[in-house]
Amino acid sequence: TVTDNAGLTNTCIAHVTVEDNINPIAICQDITVGLDENGVAIINAADLDNGSSDNCEISFSVLPSSLDCDHIGPNNVVFTVTDQSGNTADCQAVVTVEDHVSPIIICPADKTQTADLGACNTFVTVDAPQVDDNCGIASVTNSFNGGVDASGFYQTGTTTVVWTAVDVNGNVKRCYQHITI
């Protein structure tokens, strides 16, 4: 609006566009994440933030946003900071994936068997335990003969067979089975 000395006025409309052309500053940090029981690690982008900033409100994202058993160890990810105007900045972070989930091992039921007449031992067929793991099983062994199959000649009395499952990342779990002759 313009007014002259005589008090006359005139008005026009002007459009003012406010633009934010300033990119945010992305500052990221390396983190370590653990796999869950399904063998997946979800990366929370905010955990990678190490003081990122902007003149406006910001949000975070990360690619990839999840890693799995194939990514054990250090992995490069891209951390992105985005402001309200769509301006972005990136930095690279290292996400180290670890597996601390022990395997699942379920021992076969305890067994009782009668020895042959006059024998101090008898042959027992022993079923293998059920095993599972989020990333995979490396080995299943037993304390009776060190193998995968604990079948064999058992002495009279009770023998405790310790079954040991080791996953591909070195996590160990044991269960116990009793063979009574």
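# Strand pairing, cores and contacts in a predicted model

Visitor: How many bridges join strand 10 to strand 16?
Guide: There are 2 bridges between strand 10 and strand 16 (residues 172-180), and these strands run parallel. The model is a predicted one.

Visitor: What is the bridge partner of threonine 112 in strand 16?
Guide: Threonine 112 is partnered with threonine 180.

Visitor: In what order do the 4 strands of that open sheet come?
Guide: The order is 10-16-15-13, and the pairing is mixed. Strand 10 (111-112) and strand 13 stand at the edges with a single partner strand each, so one side of each has no neighbour in the sheet.

Visitor: Let us stay with strand 13. Is threonine 141 buried or exposed?
Guide: Neither term applies: threonine 141, a residue of strand 13, has a relative accessible area of 29% and is partly exposed.

Visitor: What does threonine 141 touch, not counting residues up to four places away in sequence?
Guide: Threonine 141 touches Gly146, Gly147, Val162, Trp163 and Thr164. By contrast, aspartate 116 is 25 residues away along the chain, and 28 Å separates its C-alpha atom from that of threonine 141.

Visitor: Changing topic: how many helices and strands does the protein have?
Guide: The secondary structure comprises 0 helices and 16 strands. For 181 residues the globule rule gives 16 Å, whereas the radius of gyration is 33 Å, so the protein is more spread out than a compact globule.

Visitor: What does the C-alpha trace span along its principal axes?
Guide: The spans are about 135 × 25 × 20 Å.

Visitor: And how many of the contacts are long in sequence terms, at least 24 apart?
Guide: Taking contacts between residues at least 6 apart in sequence, 58% join residues at least 24 apart.

Visitor: What about burial and surface?
Guide: Of the 181 residues, 31% are buried. The protein exposes about 10800 Å², of which carbon and sulfur atoms supply 50%.

Visitor: Which residues touch the most other members of the largest nonpolar core?
Guide: That core has 20 residues, and Ile43, Leu48, Val77 and Val95 touch the most other members. At least two of its residues come from each of strand 3 (31-34), strand 7 (73-83) and strand 8 (88-98). Strand 8 gives the most, with 5 residues.

Visitor: Is there a second core, and if so which residues does it include?
Guide: A separate core of 13 residues is present; Cys107, Tyr154, Val161 and Ile179 are among them.

Visitor: Back to the largest core. What does isoleucine 43 touch, not counting residues up to four places away in sequence?
Guide: Isoleucine 43 is in contact with Ile31, Leu48, Val62, Pro64, Ser65, Ser66, Leu67, Val77 and Val95.

Visitor: Val62 is on that list; what does valine 62 stand opposite in strand 7?
Guide: Valine 62 stands opposite phenylalanine 79. Strand 5 (residues 58-63) pairs with strand 7 in the antiparallel sense over 6 bridges.

Visitor: And what stands opposite phenylalanine 79 in strand 8?
Guide: Cysteine 91 does. Strand 7 and strand 8 are also antiparallel, with 10 bridges between them.

Visitor: How many residues lie between strand 7 and strand 8 in their hairpin?
Guide: There are 4 residues between them, and glycine 86 in the turn has a positive phi of about 90 degrees.

Visitor: Where is cysteine 56 found?
Guide: Cysteine 56 is in the loop between strand 4 (40-42) and strand 5, and at 27% relative accessibility it is partly exposed. Apart from neighbours within four places in sequence, cysteine 56 is in contact with Asp20 and Gln84. Serine 85 is 29 residues from cysteine 56 in sequence, with 8.3 Å between their C-alpha atoms.

Visitor: Finally, how many aromatic pairs does a search of the whole structure find?
Guide: The search finds 3 aromatic pairs. In the pair of phenylalanine 144 and tyrosine 154, the ring centres are 3.9 Å apart and the planes stand at 10 degrees, so this pair is stacked. Phenylalanine 144 is in the loop between strand 13 (137-142) and strand 14 (152-155), and tyrosine 154 is in strand 14, so the pair ties together parts 10 residues apart in sequence.

Visitor: Are phenylalanine 144 and tyrosine 154 buried or exposed?
Guide: Phenylalanine 144 is partly exposed, at a relative accessible area of 29%. Tyrosine 154 has 0% relative accessibility and counts as buried.

Terms used
Residues numbered from 1 in each chain as written. Predicted model: local features only at pLDDT ≥ 70, side-chain atom pairs only at ≥ 80, totals over all residues. Heavy atoms only, no water. Core = buried A, V, L, I, M, F, W, Y, C linked by side-chain atoms within 4.5 Å. Buried < 20%, exposed > 50% of the residue type's maximum accessible area, 1.4 Å probe, protein only. Contact = heavy atoms within 4.5 Å. Rg over C-alpha atoms; globule rule 2.2 N^0.38 Å. Areas by Shrake-Rupley, 256 points an atom, 1.4 Å probe, with all protein chains shown as cover. Phe/Tyr/Trp six-rings, centres within 6.5 Å; stacked < 30°, edge-to-face > 60°. Pairing = 2+ DSSP bridges.
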